[in-house]
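Ready for some practice in reading a protein model? Grab a pencil, try each task yourself, and then check the worked solution.

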Amino acid sequence: MNLSDDPHVIETDLHGVFAVRKPFDAPHIFFNAPDSSFVPGNDARLQIPDTLPAPVILCGEVSSAMDAAFYLFQNNLFPVWSSILVSSQKSGRGQLGRKWSSPEGNLYAAIRLPFTTTFLSTSAAPATGGLIASAIDALRIPVMMKWPNDIIQQDEKGVWRKVGGILIEERPDPHGGQPCIIAGIGLNLQSSPSDEAMRRDRMMPAGILKPCSATLLELWLHIASFLPAHCAQNDISGKSWRFEAERFLLLRGCPAILDDGRKTYSGVLLGLNEDGGILLSGHEGTSFLCGNLMPQYDSMPFSAGKHSHDEEKGRCSGIQRRKSGSF
């Protein structure tokens with residue numbers, strides 16, 4: 001079914017941008033229609049791309065953007081590069097199923113990635129992280145990527161803070177077609193969890209993405225158009241994703257320690273291999289696909305100066321696969 005023919009959605013004044021107008025009959029998840037402030041009118045002040053490669057769907061509060069995206073996919077309403085932007089989530093999740101705090105005002109979205117080798121392997125997480133960092137950087141907002149897929153930024157005191165996260169999931173097509181790969185993306189634009197609200201073994205404190213003059217919708221439309229255009233221009237199915245990911249890779253060129261749970265390895269972080277794994281000097285030929293990555297010293301020099309890194313760690317890169325299509 002064509003999205004424009006579905007009675008649950010209506011196209012807004014922006015071509016290619018749709019809004020949910022009545023709930024879908026979706027078991028275990030729910031879609032709420034967005035309020036008027038979340039839906040664009042014919043506003044010439046909006047800075048939007050000339051064209052969108054696929055539909056963008058606006059929702060109010062949902063159970064989770066990723067579950068909503070998979071539901072649309074199962075009903076043939078979510079082609080490659082389609083995305084959904086929601087005002088808030090009741091059951092947002094991050095790595096390892098951890099709850100992702102999702103109050104209104106921040107960006108919560110999910111986008112369908114193409115069925116290519118890059119997004120089907122353990123390179124999916126850092127490849128997507130590098131693309132998101134590159135899209136934000138194009139707006140002159142300085143960010144870096146903490147391996148494998150966190151978006152981080154320094155605050156005014158020079159402390160590195162997590163301002164966004166990315167989760168990749170793959171689910172089968174109930175109609176027998178190619179599986180669907182979805183990237184869930186969250187960016188803190190107005191609020192972030194306090195240090196006390198975060199778990200004790202957090203990777204680093206949370207923060208708010210600054211400076212960001214774009215509206216929430218403008219920011220997402222920029223990202224949703226940047227990703228496919230950049231992939232098309234740079235053959236992301238090849239090795240070019242590593243260039244983007246390494247451009248923004250935190251600790252690259254610095255002494256680092258990797259703890260894989262069995263053994264600790266140390267060396268200079270050289271970059272990433274084609275599988276998305278960490279490369280350390282002194283361990284040539286070894287690819288580290290999971291483990292805790294941290295600086296070797298308490299204070300490390302970066303291009304912007306010296307900054308402290310408390311509990312700087314990385315996580316296992318790759319895709320979280322679900323064997324069934326149920327939510």
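**Exercise 1: two helices that cross**

The crossing of helix 3 and helix 4 is right-handed. Keep in mind that you're looking at a predicted model.

Task: Work out how helix 3 lies relative to helix 4, and say which kinds of residues make up their contact.

Solution:
- Step 1. Start with the general idea: a packed pair of helices is described by the angle between the axes and by the distance between them.
- Step 2. Find the two players: helix 3 covers residues 124-137, and helix 4 covers residues 216-234. Their axes come within 10 Å and cross at roughly 120 degrees.
- Step 3. Now name the arrangement. Angles over 145 degrees count as roughly antiparallel, and 65 to 115 as roughly perpendicular. The crossing angle fits neither, so helix 3 is oblique to helix 4.
- Step 4. List who meets whom. From helix 3 come L131, I132, S134 and A135, and they meet H222, I223, F226, L227, H230 and C231 of helix 4.
- Step 5. Sort these contact residues: 7 are nonpolar, 3 are polar and none is charged.

**Exercise 2: two hairpins in a row**

Task: Follow the chain from strand 10 through strand 11 to strand 12, and describe how these strands pair.

Solution:
- Step 1. Take strand 10 (residues 255-259) and strand 11 (residues 264-272): they run antiparallel, joined by 5 bridges.
- Step 2. Look at the end of that ladder, where D259 has T264 of strand 11 as its bridge partner.
- Step 3. Check the turn. This hairpin has 4 residues between its strands, and G261 has a positive phi near 95 degrees.
- Step 4. Move along: strand 11 also runs antiparallel to strand 12 (residues 278-280), with 3 bridges between them. Here L272 sits opposite I278 of strand 12.
- Step 5. Check this turn too. There are 5 residues between strand 11 and strand 12, and G276 takes a positive phi near 90 degrees.

**Exercise 3: a residue in a loop**

Task: Is N188 buried or exposed?

Solution:
- Step 1. Locate N188: you'll find it in the loop between strand 9 (180-187) and helix 4.
- Step 2. Apply the cut-off. Buried means under 20% relative accessible area. N188 has 6%, so it is buried.
- Step 3. See what surrounds it. Leaving out residues up to four places away in sequence, N188 touches N106, K162, V163, P193, A206, G207, I208 and L209.
- Step 4. Zoom out to the chain: 54% of its 327 residues count as buried.

Conventions. Residues are numbered from 1 along each chain as its sequence is written. This is a predicted model: local features need pLDDT of at least 70, side-chain atom pairs count only at pLDDT 80 or more; totals for chains, interfaces and linings use all residues. Side-chain values use heavy atoms; hydrogens and water are left out. Axes are lines fitted to C-alpha atoms, for helices over the stretch in contact, and angles run from 0 to 180 degrees between N-to-C directions. Angles under 35 degrees count as roughly parallel, over 145 as roughly antiparallel, 65 to 115 as roughly perpendicular and the rest as oblique. A crossing is left-handed if the near helix is turned anticlockwise from the far one by less than a right angle, and right-handed if clockwise. Contact means heavy atoms within 4.5 Å. Ala, Val, Leu, Ile, Met, Phe, Trp, Tyr, Cys and Pro count as nonpolar, Asp, Glu, Lys and Arg as charged, and the others, Gly among them, as polar. Two strands pair if DSSP finds at least two bridges between them. Buried means under 20% relative accessible area, exposed over 50%, partly exposed in between (1.4 Å probe, protein chains only).
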